[in-house]
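Let's take a walk through this model, starting from the inside and working outwards. Have the viewer open as you read.

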Amino acid sequence: MKEVKVGIIGGGLMGREAASAFGRWFALLDMPVKPVLYGLCDLNESIFDWYRQVGTIEVFTNNYKELLNDSKIDVVYVAVPHNLHEQIYIDVLEAGKDLIAEKPFGIDENACETIIEKIKETGRFVRCSSEFPFLPGPQRVLDYVNSGKLGHLLEVKSGFHHSSDLNFNKPINWKRMTKFCGEIGVMGDLGMHAVHLPFRMGFKPESVYANLQKIVKTRPDGKGGTADCDTWDNAILHTTIAQEDYTVPMTLEMKRIAPSETNTWFIEVIGTEGAVKYSTKAPKTLWTFKQEEKAQVWQQEDLGFQSVIPSITGGIFEPGFPDCFQQMLGAYFLEREGKLGEKFGCATPEEALLSHKIFNAALESAKENKVIGF
Ligand SMILES: NC(=O)c1ccc[n+]([C@@H]2O[C@H](COP(=O)([O-])OP(=O)(O)OC[C@H]3O[C@@H](n4cnc5c(N)ncnc54)[C@H](O)[C@@H]3O)[C@@H](O)[C@H]2O)c1
């Protein structure tokens, strides 16, 4: 199997997730390529010890330029705060490396456009992280929508909820500060998760009306004081998508303060003849609707491990977050090799740009309290 040397810039929550996915690559079957984690950069050197367990990392540095100057590295995964995306992504591309980028792919639309310009100029292979569609449930939702069983499309709901900000005394971090997270706040954090699959179903909004909430204004700064917490906490975007002769409402929900939710990704597509829904709250359950002669029935089906990329895991076993994240990375490397075929692919830079356009329109909508068309 061909080996590709990978570097990680930003070894926090997601950096470790990527290291873990690369470390058990043998779980995937028939892969023509094997990523080998070779370099790690983080400003926080105290995490290096955890990464030493990986066993293949030869470059540890707190200066990402050092990683980029290493000619052995072909692909770089960057998982850093949003204010650093633009500069670091551009430096990765200029160094001649391919990029696995994190969402929201630049702190704002301008940053996203600048990154896309650089991709065109350098011709490097770049995709953006969004792993939930790689679970078996979302794949079945996509198949159902493509099957034509819906009849006339009535309504779409897609979203991502968690409750990790419900505790007002949780100390602040960069995700709760506009200067690091971006003016789009929770939309930058969770929005790509909500739009990736709808985009692949061809559901692209034409207008947006947004309800944005800033609920927590200050948080402990972790040093005995308080700090301003100025990002949008929750966002509900009422969008419309065009059908041939009518419009369809599509609600995109992104919430950091959703009581009882841990990491709930969900989608619901309703039509006149059929409907389908899935939520990671019940990760092995697919719901489909059909009209019978005397009844209208939602039926529940247990799913197994029918993954996008074949794997060693038994077909009746349950998948989870680390699995879909690994599947997404698998799709990245297959596509980079030109071998993705008909399989589901990672979010593209153009999809990231479209998401930024929607989030920007949502900001304008909330400011003006009106529907924004685009
Ligand atoms: N795909 C997903 O499900 C998912 C989930 C969470 C976060 N994310 C995204 O991943 C990215 C990182 O988020 P996270 O939760 O891992 O954050 P994190 O705070 O856990 O980790 C970020 C790391 O970047 C390091 N860092 C900061 N500046 C750096 C620099 N100049 N050079 C090198 N390292 C630097 C920090 O020390 C930290 O270890 C963000 O874009 C976020 O939106 C994606």
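Start with the largest nonpolar core, which counts 94 residues. If you want to colour its best-connected members, pick I9, V78, Y89, V92, L99, A235 and A362, the ones with the most contacts inside it. Helix α8 (residues 186–200) supplies the largest share of this core, with eight residues. Domain 1 (2–128) and domain 2 (132–317 + 346–368) both contribute residues, so the core lies between them.

Now zoom in on A235. Leaving out residues up to four places away in sequence, A235 touches V186, M187, A210, L212, M254 and A362.

Before going further, a word on trust: this is a predicted model. The chain has an average pLDDT of 97, and 100% of the residues score at least 70. Confidence bottoms out in strand β10 (residues 226–228), with a mean of 94, and peaks in strand β4 (residues 75–78), at 99.

Next up is an open sheet of nine strands with mixed pairing, ordered β16-β15-β14-β13-β7-β12-β11-β8-β17. Its edges are β16 (296–302) and β17 (372–373), each of which pairs on one side only. Over at the β16 edge, strand β15 (residues 285–291) pairs with β16 in the antiparallel sense over seven bridges, and L286 sits opposite E301 in β16.

What packs on this sheet? Helix α6 (residues 136–146) does, touching β13 (264–271), β14 (274–279) and β15; the direction of α6 makes about 165 degrees with that of β14. And α8, the helix we met in the core, lies across β7 (153–161), β11 (234–242), β12 (247–255) and β13, at about 140 degrees to β12.

Notes:
Residues numbered from 1 in each chain as written. Predicted model: local features only at pLDDT ≥ 70, side-chain atom pairs only at ≥ 80, totals over all residues. Core = buried A, V, L, I, M, F, W, Y, C linked by C-beta atoms within 7 Å. Buried ≥ 20, exposed ≤ 12 C-beta atoms within 10 Å, placed from the backbone. Helix = DSSP H or I, 4+ residues; strand = E, 2+ residues; numbered from the N terminus. Domains from an automatic or database assignment. Contact = placed C-beta atoms within 7 Å. pLDDT = per-residue confidence, 0-100. Pairing = 2+ DSSP bridges. Axes fitted to C-alpha atoms, helices over the stretch in contact; angles between N-to-C directions.
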